[in-house]
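Me: Please take a close look at one part of this structure, and follow its contacts into the surroundings. State each cut-off where the term comes in.

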Amino acid sequence: MQPRTIRNVLAASVALGLAVTGMASADPVDDELIIDGDLKIVTQAPAPEHLQDVMDTIWSGWHFREDDTRAMQMDDFDNPGMIFVDRGLDRWNASMGTEDKSCASCHEGPESMKGLRAVTPRVDEATGKVMSIEDYVNDCVTTRMGAEALGMTSAPMKDLLALISMQSRGEIVNVAIDGPAAPFWEQGKEMYYTRYGQLEMSCANCHEDNYGLNIRSDHLSQGQINGFPVYRLKDAGLVTARQRFVGCVRDTRAETFGSGSDEFKALELYVASRGNGLAVEGVSVRH
Amino acid sequence: MTIKGILAFAAMGFAGSLAMAEVAPENVAYTDGAIETSLTGTPGDPVAGEKAMTTASLGNCVACHSVTALEAYPFHGTIAPPLDGAPDRWSEAELRGIVANAKMMFDGSFMPAFYKSGPYVRPGDAYTGKAGTEPLPPILSAQQVEDIVAYLMTLKE
């Protein structure tokens, strides 16, 4: 009844066959993401040090999408995600809550958020909590504006997230993994390698061991989040990183985690760090 | 008795009668990754096997494997070795073991265990994202495992 290791020549040749298929189509599309003809986005980079024993190069999910999907992201006019950025600006300037203040009342223009997307999630020194942009927004909404917290995946939250993320477009992701972040990073890493659900699959099974290959019609990427929020053609809407995690865990026939859960905060920090070296894409387009 | 009660009772009776002929997932005996005897005693139906192999909520074998004879079903995966000629490489008992729980044959395999009820890490209720209660119903029924094995046996080269 014990599982055993591959024991015979036959099995070895199966493993070899697998490796060979892997080689054949493992290549992400060789292309460059240049937006509106002048803004070059780093979508391929040497793996950060903590990943160097498992991969040499990290790739944005952009490289794994079809030609027409990639093209949509090369022109802001064609990128359906830009509508959300515009809506985010309206929300930024609108007053809300008992304090009757808008984000602009305290932060002036959204440019004040430049750089934030590249370094979050991060651990807040004062509270010791993992903070992503969503968490910061809700902190201001509830403690400084006197309003109800926005739903993690609600339309106003995603609009603001799109707007804030855009301010860092092109900046290189550099999420801290040491110091106060270390325990959360370890927790996220452990989750990344845990085989969840009835299908017993970990993030790594798909996005580390098999990226570049096809699972049915899906071309597997490395599951990077530098492109988030993503405009997903399939959903005709904006998707946050944690929303994506919810779906990926659910699809292993597992009990998934909530998009606001502490577990997914830790996982988001860890997954973000796997993309240290890639550029923030602002709002990207995926199928 | 409430409708729910009647249904549950009927379901129990159904499971009970099947259990007489079927080997439950927790009672399957693996020998070097193989299962020597049929799980049901009823010969597998290769036509039903083909359906289970290509249906996303069932075997979905083509998600990872390609099968030349199943080319009519689009989008075969490239993750796992093609299944053409599988019965030239494996005996029927070995194929039954691989389909029921490939991890018994290939340690740590990426291939899901299709005839297993637990234990799992955060078992879910199918694809709902909600919690499931172990023992989970296996992804494939015992007869579907037999049907798929019967289909695989037709893939001689």
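Reply: The answer starts from an annotated site, then turns to aromatic rings, charges over rings and cysteines.

The model is predicted, so local features need pLDDT of at least 70 and side-chain atom pairs count only at pLDDT 80 or more, while totals for chains, interfaces and linings use all residues; side-chain values rest on heavy atoms, without hydrogens or water. Residues are numbered from 1 along each chain as its sequence is written, with chains lettered from A and ligands numbered from 1 in the order in which they are written.

An unreviewed UniProt entry places the feature "binding site" at C203(A), C206(A), H207(A) and C248(A). UniProt positions follow the numbering used here, feature names are shortened, and annotations may be inferred rather than shown by experiment. The four residues span 46 residues in sequence, yet no two of their C-alpha atoms are more than 10.8 Å apart, so they gather at one spot.

C203(A) lies in helix α9 of chain A, as does C206(A). Helices (H or I, at least four residues) and strands (E, at least two) are DSSP runs numbered from the N terminus. C203(A) is partly exposed at 21% relative accessible area, whereas C206(A) is buried at 15%; buried means under 20%, exposed over 50% and partly exposed in between (1.4 Å probe, protein chains only). Contact means heavy atoms within 4.5 Å. Leaving out neighbours within four places in sequence, C203(A) is in contact with M191(A), Y192(A) and E208(A). With residues up to four places away again not counted, C206(A) touches Y211(A), L220(A), S221(A) and F110(B).

Two of these contacts lead to aromatic pairs. Rings of Phe, Tyr and Trp (its six-membered ring) pair if their centres lie within 6.5 Å; planes under 30 degrees apart are stacked, over 60 edge-to-face, and the rest tilted. Over all chains this rule gives nine aromatic pairs. F64(A) and Y211(A) have ring centres 6.4 Å apart and planes at 85°, so this pair is edge-to-face. Since F64(A) is in the loop between β4 (57-59) and α2 (67-72) and Y211(A) in the loop between α9 (203-207) and β7 (214-215), all of chain A, the pair ties together parts 147 residues apart in sequence. F64(A) is buried, at 2% relative accessibility.

Y192(A) and Y270(A) also form an edge-to-face pair, with 5.4 Å between centres and 65° between planes. The pair links helix α8 (residues 182-192) of chain A, which holds Y192(A), to helix α11 of chain A, which holds Y270(A), 78 residues apart. Both tyrosines are buried, and they form one aromatic cluster with W185(A) and Y193(A).

Helix α10 (residues 241-250) of chain A has A241(A), R242(A), F245(A), G247(A) and V249(A) as its buried residues. These pack against α6 (133-144), β10 (237-239) and α11 (262-273) of chain A.

Charges also sit over rings, which requires NZ of Lys or CZ of Arg within 6 Å of the ring centre and within 35 degrees of the ring normal. R70(A) lies over the face of W62(A), 5.5 Å from the ring centre. The charged end of R122(B) is over the ring of F257(A), 3.7 Å from its centre.

Finally, a disulfide is a pair of cysteine sulfur atoms within 2.5 Å, and the count over all chains is zero. C103(A) is in no disulfide, the nearest cysteine sulfur being that of C140(A), 7.7 Å away. C103(A) is buried, at 14% relative accessible area.
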